[in-house]
Amino acid sequence: MSRQKLPHERGLYEFPDDFPQCLERFKEASGLSWSELARRLGTSPLTIRRWLNGVQPSARYLLALQDLAEELGLAHLLPRARALHRD
């Protein structure tokens, strides 16, 4: 059975401009290294570095990050992405 490619829709979420700074604060408060944070999220340190440089995480990783923050009692350090309504 072949896989069906689903279109990737960008721009459905609006991220705060300070997301990279929030991620830095979360990392410091959690005590995790960038490598450990990446491992816990199921991604690579390079991907996290991209987020720090302004690339927005996909919904999958954003949800994983928010779940981890809740697990560690640090959800208040991460802003929630705001869903944009489509016309």
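Student: What pattern does the protein chain follow along the sequence?

Tutor: In this predicted model, reading along the sequence gives β-α-α-α-α-β. That comes to 4 helices and 2 strands.

Student: What makes α3 count as a helix?

Tutor: A helix here is a DSSP run of H or I with at least four residues. α3 spans 45-52, so it fits that rule. After α3 comes Gly54, whose phi is positive, near 105°.

Student: Which residues of α3 are buried?

Tutor: Thr47, Ile48 and Trp51. Buried means under 20% relative accessible area, so each of those three falls below that cut-off.

Student: Why are the buried residues said to be on the same side of α3?

Tutor: Because they cover an arc of only 100° around the axis, they end up on the same side of α3. As for what lies over them, the cover includes α1, α2 and α4.

Student: What is Trp51 in contact with, leaving aside its neighbours within four places in sequence?

Tutor: Its partners are Phe19, Pro20, Leu23, Leu41, Thr43, Gln56, Pro57 and Tyr61. Contact means heavy atoms within 4.5 Å, so Trp51 has heavy atoms within that distance of each of these residues.

Student: Why is there talk of a nonpolar core?

Tutor: The name goes to a set of buried residues of certain kinds, Leu, Ile, Phe and Trp among them, joined through side-chain atoms within 4.5 Å. The largest such core here has 18 residues, and those with the most contacts inside it are Leu23, Phe26, Leu37, Leu41, Ile48, Trp51 and Leu65. Helices α1 (19-30), α2 (34-41), α3 (45-52) and α4 (59-71) each supply at least two residues of this core, and α4 gives the most, with 5 residues. As a general point, nonpolar side chains in soluble globular proteins tend to be buried together.

Student: What does the side chain of Ser30 reach?

Tutor: Ser30, which lies in helix α1, has a side chain that reaches the backbone nitrogen of Leu32 at 3.1 Å. A polar contact needs a pair of N or O atoms within 3.5 Å, so 3.1 Å is inside the limit. Not counting residues up to four places away in sequence, Ser30 also touches Leu72 and Leu74.

Student: How many of the residues in the protein chain are buried?

Tutor: Buried residues make up 32% of the 87. The accessible surface of the chain comes to about 6500 Å², and 48% of that belongs to carbon and sulfur atoms.

Technical notes:
Residues numbered from 1 in each chain as written. Predicted model: local features only at pLDDT ≥ 70, side-chain atom pairs only at ≥ 80, totals over all residues. Heavy atoms only, no water. Buried < 20%, exposed > 50% of the residue type's maximum accessible area, 1.4 Å probe, protein only. Polar contact = N/O pair within 3.5 Å; in protein donor to acceptor, adjacent residues only side chain to side chain. Arc of directions from axis to C-beta. Areas by Shrake-Rupley, 256 points an atom, 1.4 Å probe, with all protein chains shown as cover.
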